[in-house]
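This report describes selected local features of one protein chain. It moves from the nonpolar cores to ring pairs, a small sheet and some backbone details.

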Amino acid sequence: MKPYFVLLNLCILLMSGLMAQVPSSRVYENASGRLEYTADAEHNYIPNFSLVGYHNGNQELPLHAVTHTLAAIPGDNTAHIQQALDSLGALPLDSTGHRACLLLNPGLYRISGTLRMAQSGVVLRGSGSGSDSTQHTILFATGNTPTARPVISAGALGNVTWIKPSSAPAANLIAPYVPAGSRALQVDDVSIFSLNDTVIVEQRSLTDWLASIDFGATNTDANWNQGEIDLEYLRIIRAIDTTEQKIVLDVPVYDHLDTSLAPSRVYHFLGGNLSEIGVEDLRILIESTDSLSADHAKTGVFFQGIEDSWVRNVTAKHFSYAAVETQLATRITVKECVGINPHSPVVGGERYNFVANRQSNLILFEACSTSFGRHAYVANGASLSSGIVWTNCQSEEDLSACEGHRRWSQGLLFDQITFSNANTTTLLGLYNRGSFGTGHGWSSVHSVAWNVSVPSGSRIVLQKPPGRQNYAIGCQGFVTASHTFLHPFGFAELQGQDLLHPSLYQLQLSVRKQFGLPPDGPAKLSAEPLADSVRLQWVDVAALDTAYIVQRSLDGGQTFLEIAQLAADATTFTEQLSVSQMDSLVYRVAAINGRGISPYSNEVGVSTALNTAPDLQGRFRLYPNPTTGHLRLEFEPGWRYTVLDAQGKVLLSGRERTEIDTTAWPVGLYLVRFEKKGRTHSLRFLKE
């Protein structure tokens, strides 16, 4: 074949591949490369997940130089390694918060207890995570004393809590409504805060709020009660607007905060978290008698009371509960880890290979793999777990679903996950678990399955929680709402299609690193049609915005055009109807600044055919509609017609029935308005 034919065929193949790639309607790049997010009628939009993990994803995992080296000794190595860790923990911290890196030479290290990393800035590194102890580092966990122990426990050992002491000051949220995905909070006292303060944002679960979510919809189990489903987010204050009394957090909240249903407050975190702890490049093999036994160590690596730390290239086998578990932890990255072949009975509370438990916030599991998990990738901390991402991961031989496991886990992203060789039907669930467990009820909200692949015969279950949403975008395999507990279908699109952006996490991360974070989106947009205008009103959530934009659609919300730009912090806009008496308009608004555009508000439609009486219906004709050339107008004598384009520009007008030549007009939607003695009627036509 001649070279130019080869080149031509390659170009055709490339173009056909590019043409097959499609963006989501809920989050997509605009012409400037920034992201735009659309919201539904209940103010739900896909949140930004790019701020999870080590230092909010703003720093790569460090690779510290080895400062100390240790070799295996005969017999039990627990005290041997622990003494070295404690010694390194007494060294001074450098400017990055790092102390020392302990390298374990290749070998088999018998561990009869738990290795405790109880000082910040210490890294425990092996020589590789393979199965050959002559080349790699294997921690061989023997026995079951203490019962159900972790092999490695990193972080604070106690005295860590997110609970506010009664004597400490707190600022109360006064914003009427803050949508999930927002970072700005209007409070009654900003003076108690300073930049870079670490705070807890708390919403208490009162009866009105619980009623709004059907008390969890727990089927035959008892309803959720007050105080059981509080929301708590550990955050850092990155800006303070004293004029608007708003603080701006480093990371969004992952559920709506509605002060009409439940109070929210912000208070200082008491501290106690350790940081800059790393566990990397080793293998944890747990001694076990058989695959259904739990008479051995429970977890490979347990992080508690810890932040800005990581687990990298660690393989764990034969754990009963988890390869890696987080609790009271934030901004943790678990990367390139393997949790396979758990040994335990196949029952509740076992085989949660990579799990984010109570008060786990902003945890990133990246490029991990599992086998034989009951809930291999799972959030199990109820309403106190949020902002958890599993991306570019594999799972095989699953025995039950990956999921938000119970009681209002929020902001979960299952991103580019591939399942294979399944032993169960449901492989991923963003749904209601009803009376499963202990009244698990709604187990996932504001959560996303993006480009998740399940094999034939398996499924993803997707359900819509009250006033919230769950999403399945570009998933490969069967997506359904069908489940033991019946609830409405969540938002699904592009099933089986080739997504333009295979990873939502990577898309959001790359755009944020290039442009920064735009302002928060407005909420509760409403439209009031008046005699000669439409008045819009909304809740201004944003801080650090420079303007608001107003967009209008003439085709039912398919396409929007900007019609006004307003001052920052605007909450109202009135449009004099240059295209009055059109039978429908759709509006939306957004805040902007130099970093980009906020998520759009909910869309609202209005009827502007205010003076159209029933007796006028059917007395005006235009045809053919759609038209490619000539359009015929027919109407009674005495009426005047005006033809307007989508921007409200008058193209022509007259008083006689006529035929209009539209051949040279651009493709699009047009309006014909008829007027006579204060009466009006409008018709639309489409030029193709």
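Two residues are taken to be in contact here when heavy atoms of theirs lie within 4.5 Å. The model is a predicted one.

**Nonpolar cores**

By that contact rule, and with residues up to four places away in sequence not counted, W390 touches F354, F365, Y377, V378, A379, L412, L413, F414, D415 and I417. W390 belongs to the largest nonpolar core, which holds 74 residues; within this core, W390 and I152 touch the most other members. Separate from this is a second core of 62 residues, whose members include A175, V199, A262 and W408. In soluble globular proteins, nonpolar side chains tend to be buried together.

Several of the contacts of W390 are aromatic. Ring pairs join W390, F354, F365, Y377 and F414 into a cluster.

**Ring pairs and charges over rings**

A pair of aromatic rings is described by the distance of the centres and the angle of the planes. The count of aromatic pairs in the model is 19. One of them is formed by W209 and W408, with 5.8 Å from centre to centre and 85 degrees between the planes, an edge-to-face arrangement. W209 is part of helix α3 (residues 207–212), while W408 sits in the loop between β29 (402–404) and β30 (409–420), so this pair ties together parts that are 199 residues apart in sequence. W209 counts as buried at 1% relative accessibility, and W408 is buried with a relative accessible area of 0%.

The pair of F620 and W639 is edge-to-face because the ring planes stand at 85 degrees, with the centres 5.1 Å apart. Here the two partners are 19 residues apart: F620 is in the loop between β46 (604–606) and β47, and W639 is in the loop between β48 and β49 (640–644). Both F620 and W639 are buried.

Two rings have a charged group over the face. K524 lies over Y177, 4.3 Å from the ring centre. R588 has its charged end over the ring of F560, at 4.0 Å from the centre.

**The sheet β47-β48-β51**

Strands of a sheet pair through backbone hydrogen bonds, either parallel or antiparallel. In the open sheet of 3 strands with the order β47-β48-β51, the pairing is antiparallel. The edges are taken by β47 (621–623) and β51 (658–661); each has a single partner strand, so one side of each is left without a neighbour in the sheet. On average, neighbouring strands of this sheet are turned by 20 degrees against each other, direction ignored.

β47 and β48 (residues 630–634) run antiparallel and are joined by 3 bridges. Across this pairing, R621 stands opposite E634 in β48.

**Backbone details**

Most residues other than glycine have a negative phi, and most peptide bonds are trans. The table lists residues and bonds that depart from this.

| Item | Value | Place |
|---|---|---|
| Y623 to P624, cis peptide bond | omega near -5 degrees | P624 in the loop between β47 and β48 |
| N625 to P626, cis peptide bond | omega about 5 degrees | P626 in the loop between β47 and β48 |
| H43, positive phi | phi near 70 degrees | loop between β3 (35–37) and β4 (68–70) |
| A382, positive phi | phi near 55 degrees | loop between β27 (377–379) and β28 (386–396) |

Are H43 and A382 buried or exposed? With a relative accessible area of 10%, H43 is buried. A382, at 9% relative accessibility, counts as buried. The cut-off used for buried is under 20% relative accessible area.

**Surroundings of N313**

N313 is located in strand β21 (residues 299–317). Its relative accessible area of 24% makes N313 partly exposed. Leaving aside neighbours within four places in sequence, N313 is in contact with S129, E280, D281, L282, K335, E336 and C337. From C-alpha to C-alpha, N313 and G126 are 9.5 Å apart in space, and they are 187 residues apart in sequence.

How values were computed
Residues numbered from 1 in each chain as written. Predicted model: local features only at pLDDT ≥ 70, side-chain atom pairs only at ≥ 80, totals over all residues. Heavy atoms only, no water. Pairing = 2+ DSSP bridges. Helix = DSSP H or I, 4+ residues; strand = E, 2+ residues; numbered from the N terminus. Axes fitted to C-alpha atoms, helices over the stretch in contact; angles between N-to-C directions. Core = buried A, V, L, I, M, F, W, Y, C linked by side-chain atoms within 4.5 Å. Buried < 20%, exposed > 50% of the residue type's maximum accessible area, 1.4 Å probe, protein only. Phe/Tyr/Trp six-rings, centres within 6.5 Å; stacked < 30°, edge-to-face > 60°. Lys NZ or Arg CZ within 6 Å of the ring centre and 35° of its normal.
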